[in-house]
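This report is written for a reader who wants to set helix packing, ligand contacts and backbone geometry side by side. Please keep the sequence and the structure in view while reading.

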Amino acid sequence: MAKRKKIALIGAGQIGGTLALLCGLRNLGDVVLFDVAEGTPQGKALDLSHLAPVFGCDFQLLGTNNIADIKGADVCIVTAGLPRKPGMSRDDLVKTNAEIVRNVARGIKEHAPGSFVIVVTNPLDAMVYLMQRETAFPTSHVVGMAGVLDTARYQAFLAQELNVSVSSVSAFVLGGHGDDMVPVRSYTTCGGIPIERMLPKERLDAIEKRVRGAGGEVVALLKTGSAFYSPAASAIQMAESYLFDQKRVLAVAAYCQGQYGIKGIYLGVPVILGAGGVEKVLEIELTDAEKGQLHESAKRVEELIRIL
Ligand code: TXD
């Protein structure tokens with residue numbers, strides 16, 4: 001009999017709570033919702049247990065302040081940390097969230113040593129690097145969620161502009177999860193048609209600028225926190241690709257060991273994500289401009305890591 005998978009959600013805030021909901025709705029397995037805030041994980045777990053009968057979700061859901069309850073988790077999704085407030089950059093969060101991530105890494109290493117770890121906490125590219133260094137897990141089993149979200153934002157804006165189904169737009173946003181992220185226009189298509197044949201350069205420039213600023217746009221509107229529905233959905237897509245061995249090709253913050261001439265940092269690159277974690281980093285042919293942007297983005301990530 002196949003045992004139900006166990007998903008540990010470390011951080012029960014805006015994204016963590018949404019993750020728990022999506023795990024239930026998509027029947028991913030049993031869920032442990034952990035947070036240091038007393039009552040938050042327990043309250044959200046209790047509320048979600050009342051949702052379960054409405055949608056027929058038969059999953060065990062535990063809300064806890066005891067990190068030992070993540071024992072034996074197959075997947076850990078880490079959102080523990082502080083979100084940005086208006087005017088804050090992702091870099092401002094480095095020191096605060098680094099301490100939190102170190103703490104969480106110790107817990108995962110002790111209680112879920114065989115798990116696949118998806119880091120969401122910002123500044124993402126530095127936090128996922130720190131997570132891998134502190135857990136010493138294989139780099140194939142520690143990834144960051146950003147590229148799936150940034151790509152989804154690019155797809156959404158393009159689909160709105162062209163008035164087409166979101167499923168008809170295929171795109172890639174690579175590089176760091178910051179203002180220097182790299183929408184890869186040369187690989188973006190609508191129904192297989194290269195996007196540059198469907199929209200003029202100035203419209204594409206404007207849309208890509210909005211993609212880079214989309215996180216900040218949501219923060220400015222919400223005022224008290226950052227985006228959480230779409231980041232949660234993006235992390236779930238990565239978890240499913242691992243849990244169900246879907247081998248999806250996704251933009252993931254993965255450890256680069258020379259690909260694209262980048263070595264020794266985590267950066268958003270296209271990967272095959274399956275039961276082996278990051279099974280392959282795909283090296284796609286980029287234009288000179290895109291290559292340059294990717295290296296610029298890598299430099300920013302190296303600066304962040306130096307702060308750590
Ligand atoms: O694309 C991306 N990667 C980004 C990531 C997209 C959006 C948000 N991004 C970042 O995710 C954001 O900047 C934050 O760093 C994280 C989590 O965002 P969220 O909106 O969920 O923040 P909340 O609602 O403040 O939740 C964070 C929870 C909160 O309940 C704290 O009590 C908890 O983290 N927390 C901890 N949990 C466990 N262990 C420790 N040590 C801890 N410290 C705080």
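How many Å separate an oxygen atom of the ligand from a polar backbone atom of G81? The distance is 3.2 Å, and this value, like the others below, comes from a predicted model.

**Ligand surroundings**

The ligand is surrounded by 28 residues, of which Q14, I15, D35, V120 and M145 are the closest. Polar pairs between the ligand and backbone atoms are listed here, including the pair with G81.

| Residue | Backbone atom | Ligand atom | Distance |
|---|---|---|---|
| G81 | polar backbone atom | oxygen | 3.2 Å |
| V120 | polar backbone atom | nitrogen | 2.9 Å |
| N122 | backbone N or O | oxygen | 3.2 Å |

V120 thus appears both among the closest residues to the ligand and in a polar pair with a nitrogen atom of the ligand.

**Backbone geometry**

N122, whose backbone is paired with an oxygen atom of the ligand, is also joined to P123 by a cis peptide bond, with omega about -10°. P123 itself is placed in the loop between β5 (116–119) and α4 (124–135). A second backbone feature is found at N163, a residue other than glycine whose phi is positive, near 55°; N163 belongs to the loop between α5 and β7 (169–170). Both features can be set against a general background: most residues other than glycine have a negative phi, and most peptide bonds are trans.

**Helix packing**

Two packed helices are described by the angle between their axes and the distance between the axes. Helix α1 (residues 14–25) takes part in a packing with α8, in which the axes come within 9 Å and cross at roughly 50°. Because of that angle, α1 is oblique to α8, and the crossing is right-handed. On the α1 side the contact involves I15, T18, L19, L22 and C23, while α8 contributes Y229, P231, A232, A233, A235 and I236. By class, these residues comprise ten nonpolar, one polar and no charged. I15 in this contact is also one of the closest residues to the ligand.

α1 also packs against helix α2 (residues 40–55), at an angle of about 25° and with the axes 10 Å apart. Angles under 35 degrees count as roughly parallel, and α1 is therefore roughly parallel to α2. This crossing, too, is right-handed. Its contact is formed by Q14, G17, A20, L21 and L25 of α1 together with K44, L48, L51 and F55 of α2, and the residues divide into six nonpolar, two polar and one charged. Q14, which meets α2 here, is likewise listed among the closest residues to the ligand.

Helix α5 (residues 147–162) packs with helix α8 (residues 229–243) at about 120°, the axes being 8 Å apart. The two helices are therefore oblique to each other, and their crossing is right-handed. V148, L149 and R153 of α5 make this contact with S230, P231, S234, Q237 and M238 of α8. The contact of α5 with α8 contains four nonpolar, three polar and one charged residues. P231 of α8 takes part in the contact with α5 and also in the contact with α1.

Technical notes: Residues are numbered from 1 along each chain as its sequence is written. This is a predicted model: local features need pLDDT of at least 70, side-chain atom pairs count only at pLDDT 80 or more; totals for chains, interfaces and linings use all residues. Side-chain values use heavy atoms; hydrogens and water are left out. Axes are lines fitted to C-alpha atoms, for helices over the stretch in contact, and angles run from 0 to 180 degrees between N-to-C directions. Helices (H or I, at least four residues) and strands (E, at least two) are DSSP runs, numbered from the N terminus. Angles under 35 degrees count as roughly parallel, over 145 as roughly antiparallel, 65 to 115 as roughly perpendicular and the rest as oblique. A crossing is left-handed if the near helix is turned anticlockwise from the far one by less than a right angle, and right-handed if clockwise. Contact means heavy atoms within 4.5 Å. Ala, Val, Leu, Ile, Met, Phe, Trp, Tyr, Cys and Pro count as nonpolar, Asp, Glu, Lys and Arg as charged, and the others, Gly among them, as polar. A residue is near a molecule or strand if one of its heavy atoms lies within 4 Å of it. A polar contact is a pair of N or O atoms within 3.5 Å; within protein, one must be able to donate a hydrogen and the other to accept it, and residues adjacent in sequence count only if both atoms are side-chain atoms.
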